[in-house]
Amino acid sequence: MTRIIAPGATIGVLGGGQLGRMFAMTARRLGYRVHTLAPEHDTPTGQIADVEISASYDDLDAVRRFARGVDLVTFEFENVPAAAAAAAEEHALVRPNGHALHIAQHRIREKTFLADRGFPVVPFAPVQTEAALTSALERIGRPAVLKTAAFGYDGKGQMPIGAGTDAIAAWDGMRRQEAVLEAFIDLEREISVIGARGVGGSRSCFGAIENAHRHHILDVSVAPSGVGPRIAAEALAITDGVLDALDYVGILCIEFFVARDGRLLINELAPRPHNSGHLTFDACRTSQFEQQLRAICGLPLGSPELIQPAAMANLLGDIWQDGEPRWDAALAFPAVKLHLYGKSSPRPGRKMGHLTALAPTPAEARALVVKAREALTSRQETDDNR
Ligand SMILES: Nc1ncnc2c1ncn2[C@@H]1O[C@H](COP(=O)(O)OP(=O)(O)OP(=O)(O)O)[C@@H](O)[C@H]1O
Ligand SMILES: [Mg+2]
């Protein structure tokens, strides 16, 4: 029998962003207490948590004190330093474990771990020296993508290497940080699979979600995805396999590329809830956040069933450019849900919130969510100046 962390217990979240916010909302709905630690003040997670600690992840004493005050620690931000995870592990259960986090935070470790176990990854080569970059280019060919090994998100720390690109200069632009060279894949589409694994090894995956990016940032996600049954089954089987290989407890998202030549390849892992899974909040019997909570607390996993086709559109700071978005215009669509993360400064490219739309078909859900987002910035053509 696994010991359960029952409602009433206190869960600590390392990280203060929107993933922690939606997790905290869910945990509080189920009667848990939530503490959060992040370097900033008044964070999206902190606004919902019972207790918000503002401290650097490198302040290991603060991390230890934080861990002593909770029953269980989890993450909403995967770039927490390994030392902070280890410090938390001295005083509390940490789920997912620091080992899984350590692998997922570094592209070379992640791809090597997966390739060694026979999982299909994008062809890659590690780049630590100029000589390694030259031989990587010979092996991988062009076009390719050069990515920093650590701390990338939303396409930051990436350079396309085309036929005429000076690869050494591109790497200089990354201040010669450790990097990985990947083959550039001719994409048919991108999908993600979010899977949960419980304390006793039980597993449950949400169906594949289809993702469209703009400027390397997730733009719109749709469920169910448009992939055929073979690819859908393969993606779920790979996710189950990776969850087991990592002896994982919690929520893991795998981003996949579906290549035009039919290959299904792992792009990367996210050891936490994922932006593409935000639609599960409104569209599934159990959201990814509730599934995370159930998994880490040793509770039975809930049904991931999609109740209705759904689409999610991210709201970036850009939509504030001409003033406050017209929330009423988006909410005039009765099947559209608005989520805002409580961030005060809407910088361009910053994820401020999202919209979810439910509809009878995925195509209608996508069209509806895009229309609702457009309505946010359409200027009223009424005679306001009367
Ligand atoms: N090798 C590749 N071939 C084709 N497209 C790619 C490749 N690598 C990245 N991309 C495109 O860039 C996007 C972002 O890449 P990646 O997921 O590696 O970045 P990231 O910075 O870790 O982003 P995030 O953490 O926000 O997902 C991918 O979803 C894909 O659209
Ligand atoms: Mg990605």
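This tour moves through a predicted model, from one arginine to a sheet, a metal site and a pair of aromatic rings.

**Stop 1: Arg-28**

Select Arg-28, which sits in helix H1, spanning residues 18-29. Is this residue buried, partly exposed or exposed? Its relative accessibility is 38%, so Arg-28 counts as partly exposed. Now display its surroundings, setting aside the neighbours within four places in sequence: Arg-28 is in contact with Val-34, Ile-48, Ala-49 and Asp-50. Of these contacts, the one with Asp-50 merits a closer view. The side chains of Arg-28 and Asp-50 make a polar contact at 3.4 Å. Next, add Gly-8 to the selection. Although Gly-8 and Arg-28 are 20 residues apart along the chain, their C-alpha atoms are separated by 9.2 Å.

**Stop 2: the sheet of E6, E9, E7 and E8**

Proceed to the open sheet formed by 4 strands, and follow them in the order E6-E9-E7-E8; the pairing is antiparallel. Which strands stand at the edges? They are E6 (124-127) and E8 (158-161); each has a single partner strand, so one side of each is left without a neighbour in the sheet. On average, neighbouring strands of this sheet are turned by 20° against each other, direction ignored. As background, strands of a sheet pair through backbone hydrogen bonds, in either a parallel or an antiparallel manner.

**Stop 3: strand E7 and its partners**

Select E7, residues 144-148, together with E9, residues 179-183: the two strands run antiparallel and are joined by 5 bridges. One position to label is Val-145, whose bridge partner in E9 is Glu-182. Then turn to E8, which pairs with E7 in the antiparallel sense over 4 bridges. Here Lys-147 has Gln-158 as its bridge partner in E8.

Colour E7 by accessibility. How many of its residues are buried? The count is 5 of 5, and the strand is mostly covered. Both faces are covered: on one side the buried residues are Ala-144, Leu-146 and Thr-148, and on the other they are Val-145 and Lys-147.

**Stop 4: the helices on the sheet**

Show helix H5, residues 107-116, which lies across E6, E7, E8 and E9 and runs at about 50° to E9. Then add helix H6, residues 130-140, which packs on the sheet and touches E6, E7, E8 and E9. The direction of H6 makes about 170° with that of E6.

**Stop 5: the magnesium ion**

Select ligand 2, the magnesium ion. Which residues are its protein donors? They are Glu-255 (OE) and Glu-268 (OE), lying 2.0 to 2.1 Å from the ion. Glu-255 belongs to strand E14 (residues 250-259) and Glu-268 to strand E15 (residues 264-270), so the pair ties together parts that are 13 residues apart in sequence. Compare the accessibility of the two donors. Glu-255 counts as buried because its relative accessibility is 16%, under the 20% cut-off. Glu-268, at 22%, counts as partly exposed.

**Stop 6: an aromatic pair**

The whole structure contains 3 aromatic pairs. For one of them, select Phe-281 and Phe-289: the ring centres are 5.4 Å apart and the planes stand at 50°, so the pair is tilted. Finally, examine how much of each residue is accessible. Phe-281 is partly exposed, with a relative accessible area of 25%, whereas Phe-289 counts as buried at 0% relative accessibility.

Key: Residues numbered from 1 in each chain as written. Chains lettered and ligands numbered in written order. Predicted model: local features only at pLDDT ≥ 70, side-chain atom pairs only at ≥ 80, totals over all residues. Heavy atoms only, no water. Buried < 20%, exposed > 50% of the residue type's maximum accessible area, 1.4 Å probe, protein only. Contact = heavy atoms within 4.5 Å. Polar contact = N/O pair within 3.5 Å; in protein donor to acceptor, adjacent residues only side chain to side chain. Pairing = 2+ DSSP bridges. Axes fitted to C-alpha atoms, helices over the stretch in contact; angles between N-to-C directions. Donors = N, O, S within 2.8 Å, 3.2 Å for Na, K, Ca; no water. Phe/Tyr/Trp six-rings, centres within 6.5 Å; stacked < 30°, edge-to-face > 60°.
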